[in-house]
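Here are a few short exercises to work through with the model in view. Try each task yourself, then read the steps.

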Amino acid sequence: MFQDQSFSIPGDHIDCHLVGNFELQNRVEEVRKSTWAALCAKRPAAFDGALLRMASYWVEGERLSIAASRTRFSAYVATRHPTFGFEYPDADRADPLGLTAIVLTGDGNVIVTKRSLLADQNPGGLYLIGGYAEPGESDGPVDLFNEIAREVEEEIAVRDVTRSEAVAVGLAYDPVFCHPELFLLMPSKSTAADILSGAEAAPDRNEASELLFYSVDDILDDNGPHMNAALTWSFIKARKFLQLHLR
């Protein structure tokens with residue numbers, strides 16, 4: 001776990017280098033097997049996909065560098081609960097790198113999603129756009145902008161976010177579903193109404209039960225339309241990083 005890190009780093013100044021595979025300790029590996037079996041019994045469609053694990057990061061000026069390895073979703077499920085560190089003080093978590101996109105529309109709104117009630121994490125909570133970075137099959141550079149742009153396209157069918165306009169605004173550690181999360185502001189030229197209309201064709205549209213849009217002022221206002229909603233950790237952190245970026 002690490003302290004929140006706020007910054008304003010251009011999207012083309014993010015480097016990520018992938019080396020090797022992360023392995024759980026033997027006793028945690030047994031927990032992974034049993035935990036994954038229990039999850040699959042409840043969710044037969046669960047897929048044990050490869051995820052990108054953030055091993056370390058550093059910021060130098062306006063450049064963010066991340067060292068990474070491969071892990072799997074089942075390893076994350078076994079190590080994501082907050083008490084893991086107390087139960088296994090000498091073991092490392094899977095720590096997949098999560099990515100949150102703050103999609104800013106051409107007419108000054110932010111796209112907000114309400115999580116599906118069937119979602120594994122934060123069902124029914126207000127969220128933005130996001131997922132976990134995926135590693136390549138070979139060691140070497142990983143393009144994190146492409147990873148988050150893929151999530152934006154898959155969830156809301158927006159294809160006009162560009163690397164030159166994207167800005168990484170913060171990095172934080174989720175204490176609820178324990179993993180690091182990178183937050184990026186991603187401007188789109190499309191209007192909010194056009195995005196909501198076109199999103200029905202998105203392949204992962206069912207990850208959200210509802211799509212909304214709020215003005216930037218409403219997002220930043222503590223008494224805004226989200227005041228009485230169930231807010232996810234990533235929504236709360238995105239607001240904080242956006243406030244600092246726009247200050």
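**Exercise 1: a buried arginine and its partner**

Arg70 is buried, at 13% relative accessible area (buried means under 20%, exposed over 50%, partly exposed in between, with a 1.4 Å probe and protein chains only). Before going on, note that this is a predicted model, where local features need pLDDT of at least 70, side-chain atom pairs count only at pLDDT 80 or more, and totals for chains, interfaces and linings use all residues. Residues are numbered from 1 along each chain as its sequence is written, and side-chain values use heavy atoms, leaving out hydrogens and water.

Task: find which side chain meets Arg70 in a salt bridge, and work out why the pair ties together separate parts.

Step 1. Look for a salt bridge (a side-chain nitrogen of Lys or Arg within 4 Å of a carboxyl oxygen of Asp or Glu). The partner is Asp139, at 2.9 Å, N to O.

Step 2. Place both residues, using helices (H or I, at least four residues) and strands (E, at least two), which are DSSP runs numbered from the N terminus. Arg70 sits in strand 4 (residues 63-72) and Asp139 in the loop between strand 8 (129-132) and strand 9 (140-141), so the bridge joins parts 69 residues apart in sequence.

Step 3. Check the partner's surface: Asp139 is partly exposed, at 45%.

**Exercise 2: two bridges from one loop**

Task: find what Arg163 and Glu165 pair with.

Step 1. Arg163 meets Asp143 at 2.8 Å, N to O. Arg163 is in the loop between helix 4 (144-156) and strand 10 (167-174), while Asp143 is in the loop between strand 9 and helix 4, 20 residues away.

Step 2. Glu165 pairs with Lys189 at 3.9 Å. Lys189 lies in the loop between strand 11 (179-187) and helix 5 (192-198), and Glu165 in the loop between helix 4 and strand 10, so parts 24 residues apart get tied together.

Step 3. Now compare surfaces. Lys189 is exposed at 60%, whereas Glu165 is partly exposed at 38%.

**Exercise 3: into the core**

Task: which element gives the largest share of the largest nonpolar core?

Step 1. A nonpolar core is a set of buried Ala, Val, Leu, Ile, Met, Phe, Trp, Tyr and Cys residues joined through side-chain atoms within 4.5 Å. The largest one has 37 residues, and Val152 is among those with the most contacts inside it.

Step 2. Helix 4 supplies the largest share, six residues.

Step 3. Look elsewhere too: a second, separate core of 19 residues includes Phe235 and Phe241.
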